[in-house]
Amino acid sequence: RRGEAAGLISPWSTRWHGLVDLHEHVVLAALTAVHVVLDDMVARAAGRYHHDPRRDLVVITGRGLNSATGCSALVPALAAFLR
């Protein structure tokens with residue numbers, strides 16, 4: 001949360017409003033970002049953007065093409081996190 005507050009990291013797309021974009025995040029940062037997004041949705045934090053929980057939350061993960069294995073490490077980690 002401190003990284004987001006400092007402007008170092010953001011889960012939100014700079015191109016599309018309300019879209020979570022995790023392309024440039026390593027797995028731990030991406031999971032933390034999703035946790036922050038979900039927490040903000042529930043808390044409806046004043047002064048912070050929070051997604052409307054009545055709408056679908058779109059999360060872009062990428063395909064892992066820049067990873068060492070060429071496969072996404074984030075998709076299975078995110079699926080396990082959301083279970």
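The lining of the second largest pocket comprises 5 nonpolar, 5 polar and 3 charged residues, where Ala, Val, Leu, Ile, Met, Phe, Trp, Tyr, Cys and Pro count as nonpolar, Asp, Glu, Lys and Arg as charged, and the others, Gly among them, as polar. The volume of this pocket is about 210 Å³, and of its 13 lining residues Trp-12, Ser-13, Thr-14, Asp-21 and Glu-24 are the closest to its centre. The model is a predicted one, in which local features need pLDDT of at least 70 and side-chain atom pairs count only at pLDDT 80 or more, while totals for chains, interfaces and linings use all residues. Residues are numbered from 1 along each chain as its sequence is written, and side-chain values use heavy atoms, with hydrogens and water left out.

The largest nonpolar core (buried Ala, Val, Leu, Ile, Met, Phe, Trp, Tyr and Cys residues joined through side-chain atoms within 4.5 Å; buried means under 20% relative accessible area with a 1.4 Å probe, protein chains only) consists of 11 residues, including Trp-12, Val-20, Leu-22, Leu-74 and Leu-78. Two or more residues come from each of H2 and helix H3 (74–82), helices being DSSP runs of H or I with at least four residues, and H2 gives the most, with 6 residues.

The buried residues of H2 are Ala-30, Leu-31, Ala-33, Val-34, Val-36, Val-37, Asp-40 and Met-41. Leu-22 is in contact (heavy atoms within 4.5 Å) with Ala-30, Ala-33 and Val-34, among others, when residues up to four places away in sequence are not counted. Following H2 is Arg-44, which has a positive phi near 50°.

Terms used. 1 Å grid on protein atoms, 1.4 Å probe; cavity = no way out; pocket = protein on both sides within 12 Å on 5 of 7 lines; lining within 4 Å. Points joined across faces, edges and corners; volume = space filled by probe spheres on them. Buried < 20%, exposed > 50% of the residue type's maximum accessible area, 1.4 Å probe, protein only.
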